[in-house]
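Please look at the chain below before reading on. The paragraphs after it go through the structure step by step.

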Amino acid sequence: MPVPSGYQTYGGGAQGPTCFQKLKMGFMMGAMIGGATGVLLGGFSAWRMGLRGGEMFKQIGKVAASSGGSFGVFMTVAQGLRC
């Protein structure tokens, strides 16, 4: 199958992302996914514990930050193995 005109492959003229760029992207994707999951799970657990207002937002922030950080590190390691 012919390659369309204007399409560059990695072996041709264009260079792919560096390993460091891949690691950064892996961390950012993991942090976003983990943070979003943390907001959902942290909000639900805070609501179940009976927290309201500022206490609830503090709990959601803690869970989102820890979840985002840990999943971001996990995704960074996974991308590092693929470099």
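What follows describes the fold, the two helices and the links between them.

The model is predicted. Its chain has two helices and zero strands. Of the 83 residues, 20% count as buried. The chain exposes about 6300 Å², and carbon and sulfur atoms supply 69% of that area. Among the contacts with a separation of 6 or more, 70% are between residues 24 or more positions apart.

Helix H1 takes in residues 19-49. Part of this stretch carries a database label: an unreviewed UniProt entry annotates residues 27-47 as "transmembrane region". In the model, residues 27-47 are 100% helix and 0% strand. The C-alpha atoms at the two ends of that range are 29 Å apart.

Helix H2 consists of residues 54-82. How far should the 29 residues of H2 span at 1.5 Å a residue? The expected value is 42 Å, and the end C-alpha atoms of H2 are 42 Å apart, so the two figures agree.

Next come the buried positions. In H2 these are Met-56, Ile-60, Ala-64, Gly-68, Gly-72, Met-75 and Gln-79. The cover over the buried residues of H2 includes H1. Two places show contacts of buried residues in detail, one at Ala-31 and one at Gln-79.

Ala-31 lies in helix H1. Is Ala-31 buried or exposed? Its relative accessibility is 19%, and because the cut-off for buried is under 20%, Ala-31 counts as buried. Leaving out residues up to four places away in sequence, Ala-31 touches Gly-68 and Gly-72. Both glycines are on the list of buried residues in H2. Ala-31 and Gly-72 are 41 residues apart along the chain, yet their C-alpha atoms are separated by 4.4 Å.

Gln-79 belongs to helix H2. With a relative accessibility of 16%, Gln-79 counts as buried. Which residues is Gln-79 in contact with, leaving aside neighbours within four places in sequence? They are Lys-22, Leu-23 and Gly-26.

There is also a covalent link to consider. A disulfide is a covalent bond between the sulfur atoms of two cysteines. The structure holds one disulfide. Cys-19 and Cys-83 form it, with their sulfur atoms 2.2 Å apart. The pair connects distant parts of the chain: Cys-19 is in helix H1, Cys-83 is in the segment after H2, and 64 residues separate them. The link is right-handed, with 115° about the S-S bond. How accessible are the two cysteines? Cys-19 is partly exposed at 37% relative accessibility, and Cys-83 is partly exposed at 44%.

The last feature is aromatic. The count of aromatic pairs comes to two. One of them is formed by Phe-44 and Trp-47, whose ring centres are 6.3 Å apart. Why is this pair called tilted? The ring planes meet at 40°, and tilted pairs are those that are neither under 30 degrees, which would be stacked, nor over 60, which would be edge-to-face, so Phe-44 and Trp-47 are tilted. The two residues are three apart in helix H1, which means that about one helical turn separates them. Trp-47 is partly exposed, with a relative accessible area of 48%.

Conventions. Residues are numbered from 1 along each chain as its sequence is written. This is a predicted model: local features need pLDDT of at least 70, side-chain atom pairs count only at pLDDT 80 or more; totals for chains, interfaces and linings use all residues. Side-chain values use heavy atoms; hydrogens and water are left out. Helices (H or I, at least four residues) and strands (E, at least two) are DSSP runs, numbered from the N terminus. Buried means under 20% relative accessible area, exposed over 50%, partly exposed in between (1.4 Å probe, protein chains only). Contact means heavy atoms within 4.5 Å. Accessible areas come from the Shrake-Rupley method with a 1.4 Å probe; for residues, only the protein chains shown count as cover. A disulfide is a pair of cysteine sulfur atoms within 2.5 Å. UniProt positions are given in the numbering used here, feature names are shortened, and annotations may be inferred rather than shown by experiment. The expected span of a helix is 1.5 Å times one less than its number of residues. Rings of Phe, Tyr and Trp (its six-membered ring) pair if their centres lie within 6.5 Å; planes under 30 degrees apart count as stacked, over 60 as edge-to-face and the rest as tilted.
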